[in-house]
Amino acid sequence: MLQSHFLRKLELPEFIKDSRLTASIIIALSLSLLGSIIAMIMNPLFGLAMLLVFILTVAFAIYGTYILAGNANSFAVNLSYRIKRSEQEAMIKMPLGILLYDSDHQIQWVNPYLQLYLKSTDLVGHTIESVDPDLNKLLNEAIEAKTAENHLVDWDGHRFEMVVQNNLGVIYLLDITRYAKIEDKYKAERLAIGQIFIDNYDELSEAMHDQELTSMSSYVQNTLSDYAKKFNAYLKRIDEDHFLILIHMQELAEMEKDKFSVLDKVRQETSRNNTPLTLSMGIAFGSDSLSEIANQAQSNLDLALGRGGDQVVLRQPGKDARFYGGKSNPMEKRTRVRARMVSQAISELFKDADQVFVVGHQRPDMDSVGSGIGVVKLARLHGVKANFVLDTNKTNYDVGRLVTLMQQKNQDKDIFINPDVALAQVTDKSMLVMVDHSKYSITYSRSLYDRLKNRIIVIDHHRRGEEFPENPMLTYVEPYASSACELVTEMIEYQQPANGKRVLTDIEATAMLAGIVVDSKEFSLRTGTRTFDAASYLRSIGADSAVVSMLLKEDIDSFLERTHLVATLKMVKPHMAVLCGPDDKIIDPIITAQAADTALDLENVGASFAITRRSDNTIGISARSMGKINVQIIMEKLGGGGHLSNAATQIKDVTIEEAKQKLLDAIDEYEKEND
């Protein structure tokens, strides 16, 4: 008890007060005292000497403990002072802005470092809003975010890492401008790789003299070189119609702002010289692997060409694509040589399949069904089992008439197969042919697509979109063709059987002719010489135009519904008309498309948009154009796609009026881009 009182009186540090150390000292002193007593018994003089030593030991121990305690206390006090002084110095001098505020956002204290940014000496007692409105806005945004995590903010021409502890009323601002500039410089100087292709170089060069060809080639080279030089890019010609371009991201951003004007320049100037050339570009960026960027650039170029050319596709791996250009009608540049090569390639692929399933898009029209029938007969010509996937109990009126007519004539009753039956029959050696579409999201049987997605052939006349099969065995996408029936007809022409038997019956040829008539709007849209050649061939093998008219006749109810829809027409822009169906009634997409077509026949209507409800949660928009307005680009802004003159989209969970507003916003954006 006395010992504890004595030790407390000395104000010993904690390590001296430790009971284990105290016990050790007591034991040592006790043993020393015991030794003195024993020595006293054995020899009084020696005992006195030992007692004296014991007393001195106790005295020195007490004195040493006192000195040690004093030094330890002095060290602790000095250390505490230095820590507090360092904290104060840090609060004042460290490069971290600190601001204390109260519940009314009045400034209570600002450290000198932050005061340099606020540029005012009189701060305390003023609101943050009155001192710096921008800082107050950043504070409010951080408070609304309800998180203590760091925010990267731009303030007063600097980049800061900002932390707000609203419950304590503290703002911390760390200036990271230097590091932000390094990061921005790194991003700005990342490399983008592009490939440039002259779309129709081969076709034009075939009809040119050497001098004209040299002049045209030099013009393209010089124009592209000047354009690349303008944006500090590296351009290298790979061959006659192919260029490589390397560019930094900051210059690529400037090219995007310029909207790749070189495309318009080349197209317009060469057109004036009667040698119309168009360019396609595929540009990729955003990966640390140059190999991956280069492969993506090639993929982007393929996408641009698949969409008809005369455009630029920008996309980084794993992200959505951005499209520029595509303002002109795609030029007809396919040749009969290509048609024959595709026809032969498809025949060889068919020979390796045990069964071929042909599938159109959802709610298949005459072009989808007609081209599908043609592919089925093409496969059967080589002895391969083939069927067109269709539920004959759920068809549009024109397709329904065709099915009924085929059944009445007792021809090819087995040409159609139910989707469920097809899925049950499929094997690993089966093959799927997608006709009149290339987007897997709108294919007639998604289950069949998923089962055979590695054994797919695509035959389509729509511009290629992002939703394209990853690894098709063969792709025949020709956006300048009038219809899929036109493409398939050309392939059939090169597949005449040796025994003289006909590939198509009269009704099958009629179905394909009906497909061409429907998609070309009776040969008035997207119609080239090849379209008439295909129609002529079909007529020569038995297609009946009278039967085509019968198949495409509209029933009275559909006619009245279409007429009512056309009656809602309103001009929303010069030469642009919008038709809106009722929000509480589901209208067939075919009727919607027909209404949009009908509107084009009216005076001063260059483009029409028909908006109707397709299901309880889906609004559909069918867009048509006479060619000057690119409705495909407008529909792509709403998640759809199609042709320059024929496109569509679907919007989920909106009303008719909301869909109309989205359409108007897309039209405004399109007009700004094309000013």
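A crossing of two helices is called left-handed if the near helix is turned anticlockwise from the far one by less than a right angle. Keep that in mind as you move through this predicted model.

**Start with the whole chain**

Show everything as a cartoon. The secondary structure comes to 25 helices and 23 strands. Colour by burial and you will find that buried residues make up 47% of the 675 residues in the chain. Contacts across the sequence are worth a look too: of those between residues at least 6 apart, 64% join residues at least 24 apart.

**Select H14 and H19**

Next, pick helix H14, residues 366–381, together with helix H19, residues 506–519. H14 passes H19 in a left-handed crossing, and the two pack at an angle of about 145° with their axes 7 Å apart. Turn on side chains to see who takes part. From H14 come Met366, Asp367, Gly370, Ile373, Gly374 and Lys377, while H19 supplies Glu508, Ala511, Met512, Ala514, Gly515, Val518 and Asp519. Sorted by class, this contact has six nonpolar, three polar and four charged residues.

**Zoom in on Gly370**

Stay on H14, where Gly370 is found. Is Gly370 buried or exposed? Its relative accessible area is 0%, so Gly370 is buried. Leaving aside neighbours within four places in sequence, Gly370 is in contact with Cys485, Ala511 and Met512. Now draw a distance from the C-alpha of Gly370 to that of Glu486: they are 9.9 Å apart in space, although 116 residues separate them in sequence. Keep Glu486 selected for a later stop.

**Swing round to H20**

Keep H19 on display and add helix H20, residues 529–540. The axes of H19 and H20 come within 9 Å and cross at roughly 155°. Angles over 145 degrees count as roughly antiparallel, and H19 and H20 are therefore roughly antiparallel to each other. Their crossing is left-handed. On the H19 side the contact is made by Ala509, Met512, Leu513 and Ile516, and on the H20 side by Thr531, Ala534, Ala535, Leu538 and Arg539. These residues divide into seven nonpolar, one polar and one charged. Met512 deserves a label, as it belongs to the contact with H14 and also to the contact with H20.

**Stop at Ser482**

Now select Ser482, in the loop between strand E17 (474–477) and helix H18 (484–493). Ser482 is buried, with a relative accessible area of 0%. Here Glu486 returns: the side chains of Ser482 and Glu486 make a polar contact at 2.5 Å. Not counting residues up to four places away in sequence, Ser482 touches His461, Ile516, Asp519, Ser520, Arg526 and Thr531. Two helices you have just visited appear in that set: Ile516 is one of the H19 residues in contact with H20, and Thr531 is one of the H20 residues in the same contact.

**Finish with two backbone oddities**

Which loop holds Asp156? Look between strand E3 (151–155) and strand E4 (158–165). Phi of Asp156 is near 55°, a positive value in a residue other than glycine. At 36% relative accessibility, Asp156 counts as partly exposed.

For the last selection, go to Phe260, in the loop between helix H10 (249–258) and helix H11 (262–272). Phe260 has a positive phi of about 50° although it is not a glycine. Phe260 counts as buried, at 1% relative accessibility.

Note on methods:
Residues numbered from 1 in each chain as written. Predicted model: local features only at pLDDT ≥ 70, side-chain atom pairs only at ≥ 80, totals over all residues. Heavy atoms only, no water. Axes fitted to C-alpha atoms, helices over the stretch in contact; angles between N-to-C directions. Helix = DSSP H or I, 4+ residues; strand = E, 2+ residues; numbered from the N terminus. Parallel < 35°, antiparallel > 145°, perpendicular 65-115°, else oblique. Contact = heavy atoms within 4.5 Å. Nonpolar A, V, L, I, M, F, W, Y, C, P; charged D, E, K, R; others polar. Buried < 20%, exposed > 50% of the residue type's maximum accessible area, 1.4 Å probe, protein only. Polar contact = N/O pair within 3.5 Å; in protein donor to acceptor, adjacent residues only side chain to side chain.
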